[in-house]
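Please look through the sequence and the model shown here before reading the notes that follow. They are grouped by topic, and each term is explained where it comes up.

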Amino acid sequence: ALIDDAQWVDRESLLALGRALRDLARAPLCVVFTTTPRPLRPELEGLRTRLRRELLGVTVRLSPLSQDDLRVLARWAFPRYSETELDRVVRRIATDSAGLPLLAVELFHAVALGLDLSTTGAAWPAPAKTLLDSLPGDLPDAVVGAIRVGFRRLTPPAQQVLKAAAVLGERVPADVLGRATALAGPELTAALDQLEWERWLTFEPRGYAFLARIVRQVVERDMVLAGQRERILQAVSA
């Protein structure tokens with residue numbers, strides 16, 4: 001059995017699942033929970049503490065795909081690419097996806113389906129446009145859909161901050177995001193912390209930036225109205 005995004009399951013259902021695992025501890029049953037570090041759910045933490053003591057199980061923490069992992073995928077997706085061409089596509093996918101498996105795999109599919117290598121004889125991306133050109137075709141529906149669902153699960157302040165970050169550029173200081181959204185103090189801090197915990201944004205000395213560039217593209221294109229964009233820009237320039 002698979003319980004995906006268990007952090008969003010209601011309390012009563014999680015408690016019932018915990019009791020079922022206890023009662024069926026000796027049954028030939030495998031249950032997989034997928035969850036994120038935030039928001040914290042006491043029911044899931046309680047279940048985790050029972051592993052190896054009352055229940056047979058392990059906790060597996062998944063990390064982003066490394067450059068080596070992406071190169072393996074690239075060899076599978078583009079068996080006719082040269083080593084230099086593989087290097088280019090791996091760098092591009094790493095930048096756009098931040099190594100997030102769903103985004104990386106779907107981007108590889110999009111590139112593979114968007115080019116007919118037998119007729120073009122060229123690899124994507126072109127050497128002079130490694131980090132600038134667009135995908136050869138529309139973004140995959142799986143990527144867009146996953147980003148939209150995740151966005152709608154954010155708190156309203158976090159959604160505001162993410163929209164502002166998408167409009168304002170690569171690196172945006174916290175105070176600029178505050179001006180753009182009219183958020184301040186604990187409300188702004190909580191929104192930024194949520195976005196960092198849930199791996200939408202990453203913090204650097206120069207400000208906050210999207211972890212995966214493709215996510216910024218979708219948020220800016222699909223989540224920001226023309227009027228919202230103008231208000232964000234006016235608030236920052238005032």
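**Arg52 and the turn after helix 2**

Arg52 counts as exposed because its relative accessibility is 69%, where exposed means over 50% relative accessible area, buried means under 20%, and partly exposed lies in between, all with a 1.4 Å probe and protein chains only. The model is a predicted one, in which local features need pLDDT of at least 70 and side-chain atom pairs count only at pLDDT 80 or more, whereas totals for chains, interfaces and linings use all residues. Residues are numbered from 1 along each chain as its sequence is written, and side-chain values use heavy atoms, with hydrogens and water left out.

- Arg52 is placed in the loop between helix 2 and helix 3, where helices (H or I, at least four residues) and strands (E, at least two) are DSSP runs numbered from the N terminus.
- Arg52, which comes just after helix 2, takes a positive phi of about 75° although it is not a glycine.

**The chain as a whole**

- The secondary structure of the protein chain comes to twelve helices and four strands.
- The protein chain has 238 residues, of which 38% count as buried.
- About 13900 Å² of the protein chain is exposed, and carbon and sulfur atoms supply 56% of that area; accessible areas come from the Shrake-Rupley method with a 1.4 Å probe, and for residues only the protein chains shown count as cover.
- If one takes the contacts in the protein chain between residues at least 6 apart in sequence, 69% of them join residues at least 24 apart, a contact being heavy atoms within 4.5 Å.

**The buried side of helix 2**

- Helix 2 covers residues 42–50, and Glu43, Leu44, Leu47 and Arg50 are buried in it.
- These residues are on the same side of helix 2 because they cover an arc of only 115° around the axis, the arc being that of the directions from the helix axis to the C-beta atoms.
- An α-helix has 3.6 residues a turn, so residues three or four places apart point the same way.
- The buried residues of helix 2 pack against two elements, namely helix 1 (11–23) and strand 2 (32–33).
- Glu43 counts as buried because its relative accessible area is 16%, and, leaving aside neighbours within four places in sequence, Glu43 is in contact with Arg11, Leu14 and Leu15.
- Arg50, also in helix 2, is buried with a relative accessible area of 16%, and Arg50 touches Gly18, Arg22 and Leu55 when residues up to four places away in sequence are not counted.

**A nonpolar patch on the surface**

- Val58, Val60 and Leu62 form a nonpolar patch on the surface, and together they have about 360 Å² of accessible area.
- Patches are made of residues with over 30% relative accessible area and no salt bridge, with like charges joined within 9 Å and nonpolar side chains (Val, Leu, Ile, Met, Phe, Trp, Tyr) joined within 5 Å; a salt bridge is a side-chain nitrogen of Lys or Arg within 4 Å of a carboxyl oxygen of Asp or Glu.
- Val58 is found in the loop between helix 2 and helix 3 (67–77), and Val58 counts as exposed because its relative accessibility is 55%.

**Helix 5 and the loop before it**

- Ala98, in the loop between helix 4 (83–97) and helix 5 (101–114), has a positive phi of about 55° although it is not a glycine.
- Ala98 counts as buried, because its relative accessibility is 17%.
- Ala112 has its place in helix 5 and is partly exposed, with a relative accessible area of 33%.
- Ala112 and Phe78 are 34 residues apart along the chain, while their C-alpha atoms are separated by 7.1 Å.
- Not counting residues up to four places away in sequence, Ala112 touches Ala77 and Phe78.

**Helix 10 and the hairpin**

- Leu192 lies in helix 10 (residues 185–197) and is buried, with a relative accessible area of 5%.
- Leu192 touches Val161, Ala174, Leu177 and Tyr208, residues up to four places away in sequence not being counted.
- Strand 3 (residues 201–204) and strand 4 (residues 207–210) pair in the antiparallel sense over four bridges, where two strands pair if DSSP finds at least two bridges between them.
- Strand 3 and strand 4 form a hairpin with two residues between them, and Phe203 stands opposite Tyr208 in strand 4.
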